[in-house]
Amino acid sequence: MSETAAVGFRSERGPVLVAVMLATGLIAIDSTILATAVPSIVADLGGFTQFPWLFSIYLLAQAVSVPVYSKLSDTVGRKPIMLIGIGLFLVGSVLCGFAWDMTSLIVFRAVQGLGAGAVLPVSITITGDIYTVRERARVQGYIASVWAVSSVVGPTLGGLFAEFASWRWIFFVNIPLCLIAAFMLIRGYHESVARERHRIDYAGATALTIASTLIILAVLEGGQAWAWLSWQSIGAFAVGALLLVGFVFIERRAAEPVLPLWVFSRRLIVTTSLISLGVGAVLIGLTSYVPTFLEATAGASPLVSGLAVAALTLGWPIAASQSGRLFLRIGFRRTALIGLAITVLGAAALVAASLEPNVWTTAIACFVVGLGLGLVASPTLIAAQSSVPWSERGVVTGANMFLRSMGSAVGVAIFGAVANGVIARSGLGEQSPVAIHAASTSVFVAVLVAAVVTIAGGIAMPRAHVDDVEHRPAEATTPVE
């Protein structure tokens, strides 16, 4: 069997790869299809100041559920958790399509997020199970192709539905995708997991969920629904912080902690997870505000603004598909630092481009940011996964994805607070192009700051090469029937 065939569709593991790619496609398309339709949704349902919650609640539900799903995938197996995630994502999509106001849409987006919390991290974990590090350097091309196609299909569909049909179809389109992904997973992926009695860490999961929710709520609503120094804001932050402290104590005593504390004692895992936090913030800042910025200031249609976002999500998979060759030669840390430098350059270019709104300059800046993120996200996650055996890989992947989701959730909350604050001070109203221009530029500056701060995580990464972290193939492969 040739080296290419060994990781291709015709190989023994080909059906599993196809199932993983389809499941990944669910989340990839959803990450870009909604942003282009936000103006149409707001026009139909109202609530411009609430629209950041469409992203925040989804990302929050995803973030807080990732550690639970990841731990369960290490105990009961990957396949049942993936099917649960696809099922929840399907139910959430149907409900979102029938939403009658902004509040109901936000609630149903949470159901979607609970499904995504299982699908993305477990699909990535499966890839880590069945391929070695060197094989994953080539498999990245297949996974990246999913994001590349989705980066064009997602915004295009979102723009077409918003402009010529109804924004509700951006959710209904998930129905056939979910059904096909579930069918391929059932048919192609077979695993053998030792059946043991496990103790689920309900207390830890509950504490983490409530703490994260309170902190996100305080950041997003501070200065809007209530003053920053009000009892609501202070109380939410205080209770959230106390619950996080309590979560640490719970995890120290739990028989099977949902997020084991040893994860935070390993330098490679900690630094790559912190980088993932920054990646999540940068990504959501652009995908959620670039379309609204272009439509309000440059007169772009939803379809055109969607293509500008597609430039970001197209640059990512292009760089990710080539990142394997780079980290095999120069190591994970240097690859991540190169990617972070490119990300900062692209974010700075976006700030400059926002001063004179133009679709082409905005799209080019987004493409550069995407190239940088592609060289950061894939190598750092692969480095973390490869440093642990199968029994710990789900937890490590979950920790990384948890912090990326938290970065996006906290990021969109902070960016929403920044944008709403600028609009409120302008006194021009939330529909004013001038106010939206000022608010968007402020958000892009905040994205640049987040990118610069993330470089610290790259500098702190240990100088690990592939051979330093890779486990033996026997340890990196899930038993398959």
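Pro 67 has its place in helix α3, and in this predicted model the residue is buried, with a relative accessible area of 2%. The C-alpha atom of Pro 67 is separated by 6.7 Å from that of Val 395, although the two residues stand 328 residues apart along the chain. Helix α3, which spans residues 52–75, is also one of the elements that supply at least two residues of the lining of the largest cavity.

A second proline, Pro 291, is found in helix α11, and Pro 291 counts as buried because its relative accessible area is 0%, where buried means under 20%. Between Pro 291 and Val 309 there are 7.0 Å in space, C-alpha to C-alpha, and 18 residues in sequence. Helix α11 also holds Ala 296, but Ala 296 is partly exposed, with a relative accessible area of 21%. The C-alpha atoms of Ala 296 and Pro 433 are separated by 5.2 Å, while the pair is 137 residues apart along the chain.

Helix α16, made of residues 433–460, contains Val 453. Val 453 counts as exposed because its relative accessibility is 55%, and exposed means over 50%. For Val 453 and Ile 275, which are 178 residues apart along the chain, the C-alpha atoms are separated by 9.4 Å.

The four pairs are set side by side here.

| Pair | Apart along the chain | C-alpha separation |
|---|---|---|
| Pro 67 and Val 395 | 328 residues | 6.7 Å |
| Pro 291 and Val 309 | 18 residues | 7.0 Å |
| Ala 296 and Pro 433 | 137 residues | 5.2 Å |
| Val 453 and Ile 275 | 178 residues | 9.4 Å |

The next topic is the empty space inside the model. Rolling a probe the size of a water molecule over the atoms shows where empty space is left. A search of the whole structure finds four cavities of 30 Å³ or more, and the largest cavity holds about 690 Å³ of space. This largest cavity is lined by 37 residues, of which Leu 120, Trp 147, Trp 316, Met 401 and Arg 404 are the closest to its centre. Sorted by class, the lining of the largest cavity has 20 nonpolar residues, 13 polar residues and four charged residues. Several helices each supply at least two residues of that lining, among them α1 (14–33), α5 (102–130), α6 (133–164), α12 (302–330) and α14 (359–386). Helix α11 (267–297) and helix α15 (390–426) also belong to this group.

The largest pocket has a volume of about 380 Å³. Its lining consists of 18 residues, and the closest to its centre are Leu 208, Leu 244, Phe 264, Phe 402 and Leu 403. Helices α9, α10, α11 and α15 are the elements that give two or more residues to the lining of the largest pocket, and α15 gives the most, with five residues. By class, the lining of this pocket divides into 16 nonpolar residues, two polar residues and no charged residues. Helices α11 and α15 therefore appear in the lining of the largest pocket and also in that of the largest cavity.

On the surface, Trp 228, Leu 229, Ile 234 and Phe 237 form a nonpolar patch, and together these residues have about 440 Å² of accessible area. Within the patch, Trp 228 lies in the loop between α9 (202–221) and α10 (231–253). Trp 228 is partly exposed because its relative accessible area of 43% is neither under 20% nor over 50%.

Terms used:
Residues are numbered from 1 along each chain as its sequence is written. This is a predicted model: local features need pLDDT of at least 70, side-chain atom pairs count only at pLDDT 80 or more; totals for chains, interfaces and linings use all residues. Side-chain values use heavy atoms; hydrogens and water are left out. Patches are made of residues with over 30% relative accessible area and no salt bridge: like charges are joined within 9 Å, nonpolar side chains (Val, Leu, Ile, Met, Phe, Trp, Tyr) within 5 Å. Accessible areas come from the Shrake-Rupley method with a 1.4 Å probe; for residues, only the protein chains shown count as cover. A salt bridge is a side-chain nitrogen of Lys or Arg within 4 Å of a carboxyl oxygen of Asp or Glu. Helices (H or I, at least four residues) and strands (E, at least two) are DSSP runs, numbered from the N terminus. Buried means under 20% relative accessible area, exposed over 50%, partly exposed in between (1.4 Å probe, protein chains only). On a 1 Å grid over the protein atoms alone, a cavity is a set of points where a 1.4 Å probe fits but cannot get out, and a pocket is an open set with protein on both sides within 12 Å along at least five of seven lines; lining residues have an atom within 4 Å of a point. Grid points are joined across faces, edges and corners, and a volume is the space filled by probe spheres set on the points. Ala, Val, Leu, Ile, Met, Phe, Trp, Tyr, Cys and Pro count as nonpolar, Asp, Glu, Lys and Arg as charged, and the others, Gly among them, as polar.
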